[in-house]
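I opened the model to look up its ligand and metal sites, and I keep my notes below.

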Amino acid sequence: MVNQAQILEWLQAFATEIEQNKEYLTELDAAIGDADHGINMDRGFKKVSSQLPSLADQDISSILKTVSMTLISSIGGASGPLYGTWFLRASTAVAGKQELTEQDVLELLQAGLDGVLGRGKAQLGDKTMVDVLSPAVEAFEQAIREGKKTQEALNTAVVAAEQGLHNTIPMLAKKGRASYLGERSIGHQDPGGTSAYLMLKSFLEVLEG
Ligand code: ADP
Ligand code: MG
Ligand code: MG
């Protein structure tokens, strides 16, 4: 079971992870975009981090919804609406839940991915965060089908996410700014996929305690 306190811890852990990787994310975006992904994400998650104390009494769904609104209003670029949508759909998926079972976590992850797919229209292989989020959801689903609990299933998902992230390197970008580069986008790791991997990894680390 994942409780409300762990969700708050995860958001703080992700904000810290973004802060620590701000320059790395921006360098990745400098290679195939406009060198702002770390700056964008850090701006949004600093704001989230500052709001977390005031969310201490809220339920999981309300917390995720507030995060969504904050990201949409503060990040901008492509990643603002995409992460905003991920958190909004995640929020809706767990409406009314005080604790999350492994099935609830699957629904959260699936809803977030579906939101990104609906909003950004990227397909698998287009060299975006979808190439990280999608294999992660698939691995999580398979793990719980095999009877694994949330932490173990998320561990499998993070391994799949890392592989998915690595797989973005040889891809030719078909969505977002990187797609303007055509063939020159080949050979670089996707910045948004990298932040998505950090999001899942920080969730796992909170569950590991
Ligand atoms: P911008 O490109 O507007 O400067 P960011 O640099 O913050 O925004 O984010 C870029 C990341 O957004 C990319 O690395 C990619 O993972 C993700 N992205 C861009 N377009 C899409 C899309 N249509 N669907 C999914 N993800 C996308
Ligand atoms: Mg950018
Ligand atoms: Mg930009």
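How are the donor residues of the magnesium ion (ligand 2) spaced in sequence? I read the spacing as D-x4-D-x1-D, and the protein donors are Asp-29 (OD), Asp-34 (OD) and Asp-36 (OD), lying 2.0 to 2.1 Å from the ion. Donors here are N, O and S atoms within 2.8 Å of the metal (3.2 Å for Na, K and Ca), and water is not among the atoms, so sites may look incomplete. I then looked up the magnesium ion (ligand 3), which is 3.5 Å from the magnesium ion (ligand 2), with Asp-34 coordinating both.

I note that this is a predicted model, in which local features need pLDDT of at least 70 and side-chain atom pairs count only at pLDDT 80 or more, while totals for chains, interfaces and linings use all residues. Residues are numbered from 1 along each chain as its sequence is written, chains are lettered from A and ligands numbered from 1 in the order in which they are written, and side-chain values use heavy atoms, with hydrogens and water left out.

Next I turned to ligand 1, which 20 residues surround (a heavy atom within 4 Å); among the closest are Gly-120 and Asp-190. I checked polar contacts (N or O pairs within 3.5 Å) and found an oxygen atom of ligand 1 at 2.6 Å from a side-chain N or O atom of Asp-190, while a polar side-chain atom of Asp-29, also a donor to the magnesium ion (ligand 2), lies 3.0 Å from a ligand 1 oxygen.
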